[in-house]
Amino acid sequence: MKSRQMVLKSFPVGMPQASDFELIEADVSDLGEDEILVRTVYLSLDPYMRGRMSGVRSYADPAELGKPVPGEVVGQVVASRSSVHKEGDFVTAYSGWQSLAKHRIGETKGPAWGAIKKVDPEVAPISTAVGVLGMPGHTAYAGVFGLSDLKPGETLFVSAASGAVGSIVGQIAKIRGARAIGVAGSEEKIAYVTGELGFDGCFNHKGDLAAGFRKHAPKGIDVNFENVGGEVFWKCYDAMNVHGRIIVCGGIAGYNGPGENAPDRTMLLLGGLIARRLKMMGLLVGDWMSLRDDFVRDVSAWIRTGQLRYREDIVDGLENSVTAFQGLLQGRNFGKLLVRVTSDPTR
Ligand code: NAP
Ligand code: FER
């Protein structure tokens with residue numbers, strides 16, 4: 001048996017290029033005791049993967065050259081020597097960018113949220129297990145309920161508002177009785193965020209940001225759920241109210257490296273934190289495993305009742321994963337980005 005793998009050939013500098021990757025076939029050895037073989041149906045593409053490709057250790061191990069890029073998949077068990085997961089079961093697993101992977105039950109590869117979990121195809125489409133009902137949805141839930149102290153009537157701002165995390169953040173804020181506003185990168189995304197998702201306002205981050213905040217948040221921002229960084233962060237910072245909270249979830253605008261001659265605005269940041277007694281908090285979803293059951297229960301119920309909507313952007317073929325990932329870093333995805341590596345037997 002062979003696994004098709006998209007392996008990292010070199011650590012990208014700036015935007016990852018096709019030449020930084022290689023599609024290879026690797027042998028899959030026989031299963032040992034307590035091992036399962038998982039065939040990837042959906043590979044989740046997520047912004048954090050760009051950090052892994054830098055070769056530097058941070059809160060997670062870096063990607064290794066010659067190995068598949070790390071990542072979580074939804075797949076089907078095609079062979080099993082385990083009593084926990086039988087052949088035919090659907091699971092999420094931290095297989096990486098490849099079509100077949102062996103996993104040993106009880107051994108955790110990758111981050112805390114990447115542990116093997118059973119997926120029930122009767123509850124929701126299996127793809128949602130790495131989207132709205134998986135890590136990105138969990139991040140949104142943890143940020144709003146775990147960290148933000150968001151109160152009814154307050155205004156929350158979220159960047160990348162049409163995306164996997166942002167779309168859920170704003171809808172949860174609304175369910176909590178707050179106002180939700182956001183930015184997105186196209187008119188089509190803005191229409192979706194205000195129309196289908198019910199945000200109170202959304203504007204284009206490529207336009208006049210200060211004017212957008214004045215128009216959509218005349219009373220200022222109480223919670224910034226930051227996904228992007230750069231000018232979006234700074235214009236939101238200008239709009240923050242006294243005792244506001246800044247949840248630092250991500251900074252995708254800087255994942256390919258800092259722009260040239262980026263000004264050092266550290267003193268502006270520190271001065272503003274004092275003057276407005278702001279709280280700024282880093283969010284890592286893996287710290288919030290204790291909220292996972294609550295998250296799955298609440299978000300599943302909100303999807304069932306129609307209070308919460310989600311959108312997926314599915315690209316076919318492992319060979320297209322690099323182009324799709326480049327698109328994620330440039331706003332070409334519209335919704336949670338997935339690669340369908342093999343056909344989905346449930347659809
Ligand atoms: P996503 O929003 O579905 O996709 C990324 C989006 O970012 C793009 O579609 C694009 O949307 C926007 N973007 C890209 N470059 C941009 C730029 N230069 N300026 C403004 N917007 C830009 O991705 P996601 O999975 O939900 O992730 C969103 C953020 O959450 C990322 O920063 C990610 O690292 C972070 N995250 C953090 C944790 C954690 O535990 N801390 C967990 C999950 C995710 P537009 O078209 O709107 O520009
Ligand atoms: C991200 C996805 C996940 C990210 C961080 C994580 C900062 C967190 C991982 C963990 O909890 O181990 O995009 O960006």
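The following paragraphs lead through a predicted model of a protein with its ligands, from the nonpolar cores to the ligand surroundings and then to four individual residues.

The interior is a convenient starting point. In soluble globular proteins, nonpolar side chains tend to be buried together. In this model, the largest nonpolar core comprises 38 residues, and Val-169, Ile-172 and Val-299 have the most contacts inside it. Several elements supply at least two residues each to this core: the helices α2 (135-148), α3 (166-175), α4 (187-194) and α8 (292-304), together with the strands β8 (155-158), β9 (179-184) and β11 (221-226). Helix α2 makes the greatest contribution, with five residues. Val-299 also illustrates how residues from other parts of the chain come together: apart from its neighbours within four places in sequence, Val-299 is in contact with Val-132, Leu-133, Tyr-141 and Leu-308. A second core, separate from the one just described, has 26 residues, among them Trp-97, Val-285, Leu-329 and Val-339.

Helix α4 merits a closer view. Its buried residues include Lys-189, Ile-190, Tyr-192 and Val-193. Viewed down the axis of α4, the buried residues fall within an arc of 160 degrees, so they line one face of the helix. The other side of α4 carries Glu-187 and Glu-188, which are exposed. The cover over the buried residues of α4 includes the strands β9 and β10 (201-204).

The ligands come next. Around ligand 1 there are 26 residues, of which Lys-189, His-205, Tyr-255, Leu-283 and Asn-333 come nearest. Lys-189 has already appeared as a buried residue of α4. Three polar approaches to oxygen atoms of ligand 1 can be described. A polar backbone atom of Gly-185 is 2.8 Å from an oxygen atom of the ligand, and a polar backbone atom of Val-285 is likewise 2.8 Å from an oxygen atom of ligand 1. Tyr-255 contributes through its side chain, a polar atom of which lies 2.7 Å from an oxygen atom of ligand 1. On its own, ligand 1 has 920 Å² of accessible area, and the protein covers 91% of this.

Ligand 2 is surrounded by Tyr-48, Tyr-59, Pro-111, Trp-113, Met-135, Cys-249, Tyr-255, Leu-284, Val-285 and Gly-286. Gly-286 places a polar backbone atom 2.6 Å from an oxygen atom of ligand 2. A backbone N or O atom of Tyr-48 lies 3.4 Å from an oxygen atom of the ligand, and a polar side-chain atom of Trp-113 lies 3.5 Å from an oxygen atom of ligand 2. The protein covers 82% of the 370 Å² of accessible area that ligand 2 has on its own. Val-285, listed here around ligand 2, is also one of the residues of the second nonpolar core.

Two residues of strand β3 (35-44) may now be considered. Glu-35 is located in this strand and is buried, with a relative accessible area of 8%. What does the side chain of Glu-35 make a polar contact with? The partner is the side chain of Lys-102, at 3.5 Å. Beyond residues up to four places away in sequence, Glu-35 touches Asp-30, Ser-80, Arg-81, Ser-82, Lys-102, His-103 and Arg-104. Thr-40 is also found in strand β3. Its relative accessibility is 0%, so Thr-40 counts as buried. Leaving aside neighbours within four places in sequence, the contacts of Thr-40 include Val-73, Val-74, Gly-75, Gln-98, Ser-99, Leu-100, Val-341 and Thr-342.

The final two residues are Arg-340 and Asp-344. Arg-340 lies in strand β15 and has a relative accessibility of 23%, so it counts as partly exposed. The side chain of Arg-340 makes a polar contact of 2.9 Å with that of Asp-316. Setting aside neighbours within four places in sequence, Arg-340 is in contact with Val-41, Tyr-42, Ile-314, Val-315, Asp-316 and Gly-317.

Asp-344 belongs to the segment after β15 (336-340). With a relative accessibility of 7%, Asp-344 counts as buried. Not counting residues up to four places away in sequence, Asp-344 touches Val-41, Tyr-42 and Ile-126. Its side chain is joined to that of Tyr-42 by a polar contact of 2.7 Å. Asp-344 and Pro-125 are 219 residues apart in sequence, while their C-alpha atoms are 9.7 Å apart in space.

Methods. Residues numbered from 1 in each chain as written. Chains lettered and ligands numbered in written order. Predicted model: local features only at pLDDT ≥ 70, side-chain atom pairs only at ≥ 80, totals over all residues. Heavy atoms only, no water. Core = buried A, V, L, I, M, F, W, Y, C linked by side-chain atoms within 4.5 Å. Buried < 20%, exposed > 50% of the residue type's maximum accessible area, 1.4 Å probe, protein only. Helix = DSSP H or I, 4+ residues; strand = E, 2+ residues; numbered from the N terminus. Contact = heavy atoms within 4.5 Å. Arc of directions from axis to C-beta. Near = heavy atom within 4 Å. Polar contact = N/O pair within 3.5 Å; in protein donor to acceptor, adjacent residues only side chain to side chain. Areas by Shrake-Rupley, 256 points an atom, 1.4 Å probe, with all protein chains shown as cover.
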